[in-house]
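Here is a short report for someone meeting this structure for the first time. Keep the view open as you read and find each residue as it is named.

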Amino acid sequence: DLHSFPTRRSSDLDSNGASGGAGNLDTTTPRSHTYTVTATSQDGQTSTKTIHYTVAAAPAATIASPAGNQTYNLNQVVPTAFSCADDVDGPGIQTCKDSNGASNGSGTLDTSTAGPHTYTVTATSKDGQTGTKSINYTVIGLPTATITSPANNQTYNLGQAVATSFSCTDATGEIGRAHV
């Protein structure tokens with residue numbers, strides 16, 4: 001009468017070095033990977049199971065125009081062109097939007113306030129991963145003219161010499177001097 005005795009498992013180890021029945025897939029690099037678990041009995045016999053999986057990188061956003069670090073006038077209309085692409089292993093693009101809400105690949109920069117600004121395009125894939133691209137730009141405000149004297153709404157005699165005092169200042173972020 002032949003009796004068979006079960007072989008006791010003495011160790012298990014996955015391809016990432018984890019043991020004890022729990023581990024993690026390596027998702028630190030994109031593309032195709034394998035994950036293997038090897039069980040070794042006390043008498044040295046082994047059994048191996050392997051699965052294959054793919055890691056998709058985040059989608060990419062691109063701003064074709066305008067170039068970054070440019071200067072624009074207050075309320076100037078500056079068209080933008082942008083696009084989004086998913087990784088070759090990704091599920092596809094769900095949304096491609098700029099920071100002003102445009103989603104059709106073209107929009108405009110916000111030039112309604114003077115000062116430094118950032119324009120961003122965000123690509124979101126169908127699995128929820130995001131990728132962004134940003135450019136910085138500066139909007140120049142209007143120059144300022146001030147009349148110190150004479151006061152407004154005064155009356156003068158015909159031919160009277162009336163001295164004036166005024167000043168002009170550059171717009172926010174402007175290089176140079178306002179013309180007087």
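## The β2–β3 hairpin

Ser-32 stands opposite Thr-54 of strand β3. The model is a predicted one. Ser-32 and Thr-54 sit in a longer pairing: β2 covers residues 31–41, β3 covers residues 46–55, and 10 bridges join them in the antiparallel sense.

The hairpin of β2 and β3 has 4 residues between its strands. Gly-44 takes a positive phi there, near 95°.

## Asp-87 and its contacts

Where does Asp-87 lie? Its place is the loop between β6 and β7, and β7 spans 93–98. Is Asp-87 buried or exposed? Its relative accessible area is 13%, so Asp-87 counts as buried.

Asp-87 makes a polar contact, side chain to side chain, with Arg-31 at 2.9 Å. A polar atom of the Asp-87 side chain also lies 3.0 Å from the backbone nitrogen of Asp-89. Leaving out residues up to four places away in sequence, Asp-87 touches Arg-31, Ala-56, Ala-57 and Pro-59.

## A three-strand sheet

Strands of a sheet pair through backbone hydrogen bonds, either parallel or antiparallel. Here, an open sheet of 3 strands runs in the order β4-β6-β8, with antiparallel pairing. β4 and β8 (106–108) stand at the edges. Each has a single partner strand, so one side of each has no neighbour in the sheet. From one strand to the next, the twist averages 35°.

How many bridges join β6 to β8? There are 3, and the two strands run antiparallel. One residue to find is Thr-80, whose bridge partner in β8 is Gly-107.

## The largest nonpolar core

The largest nonpolar core has 14 residues. Seven names stand out for touching the most other members: Ile-63, Tyr-72, Phe-82, Leu-109, Tyr-119, Val-121 and Tyr-137. Strands β4 (60–65), β9 (115–125) and β10 (130–140) each supply at least two residues of this core.

Tyr-137 deserves a second look. Not counting residues up to four places away in sequence, Tyr-137 touches Gln-70, Tyr-72, Leu-109, Asp-110, Gly-115, Pro-116, His-117, Thr-118 and Tyr-119.

## One aromatic pair

A pair of aromatic rings is described by the distance of the centres and the angle of the planes. The structure holds 1 such pair. The ring centres of Tyr-72 and Tyr-137 are 6.1 Å apart. Their planes meet at 65°, so the pair is edge-to-face.

This pair links distant parts of the chain. Tyr-72 belongs to strand β5 and Tyr-137 to strand β10, 65 residues apart. Both Tyr-72 and Tyr-137 are buried.

## Asp-110 in its loop

Asp-110 lies in the loop between β8 and β9. Its relative accessible area is 31%, so Asp-110 counts as partly exposed. The Asp-110 side chain makes a polar contact with the side chain of Ser-112, at 2.7 Å.

Which residues does Asp-110 touch, not counting those up to four places away in sequence? They are Asn-100, His-117, Tyr-137 and Val-139. Asp-110 and Ser-99 are 11 residues apart in sequence, and their C-alpha atoms are 9.2 Å apart in space.

## Two cis peptide bonds

The bond that joins Ser-65 and Pro-66 is cis, with omega about 0°. Pro-66 is found in the loop between β4 and β5, and β5 spans 70–73.

The peptide bond from Ser-149 to Pro-150 is cis too, with omega near 5°. Pro-150 belongs to the loop between β11 (144–149) and β12 (165–169).

## Positive phi at two asparagines

Asn-75 has a phi near 65°, a positive value in a residue other than glycine. Its loop lies between β5 and β6, and β6 spans 79–85. With a relative accessible area of 54%, Asn-75 is exposed.

Where is Asn-153? It lies in the loop between β11 and β12. Phi of Asn-153 is near 60°, again a positive value outside glycine. Its relative accessibility is 71%, so Asn-153 counts as exposed.

Definitions and conventions
Residues are numbered from 1 along each chain as its sequence is written. This is a predicted model: local features need pLDDT of at least 70, side-chain atom pairs count only at pLDDT 80 or more; totals for chains, interfaces and linings use all residues. Side-chain values use heavy atoms; hydrogens and water are left out. A nonpolar core is a set of buried Ala, Val, Leu, Ile, Met, Phe, Trp, Tyr and Cys residues joined through side-chain atoms within 4.5 Å. Buried means under 20% relative accessible area, exposed over 50%, partly exposed in between (1.4 Å probe, protein chains only). Contact means heavy atoms within 4.5 Å. Two strands pair if DSSP finds at least two bridges between them. A polar contact is a pair of N or O atoms within 3.5 Å; within protein, one must be able to donate a hydrogen and the other to accept it, and residues adjacent in sequence count only if both atoms are side-chain atoms. Axes are lines fitted to C-alpha atoms, for helices over the stretch in contact, and angles run from 0 to 180 degrees between N-to-C directions. Rings of Phe, Tyr and Trp (its six-membered ring) pair if their centres lie within 6.5 Å; planes under 30 degrees apart count as stacked, over 60 as edge-to-face and the rest as tilted.
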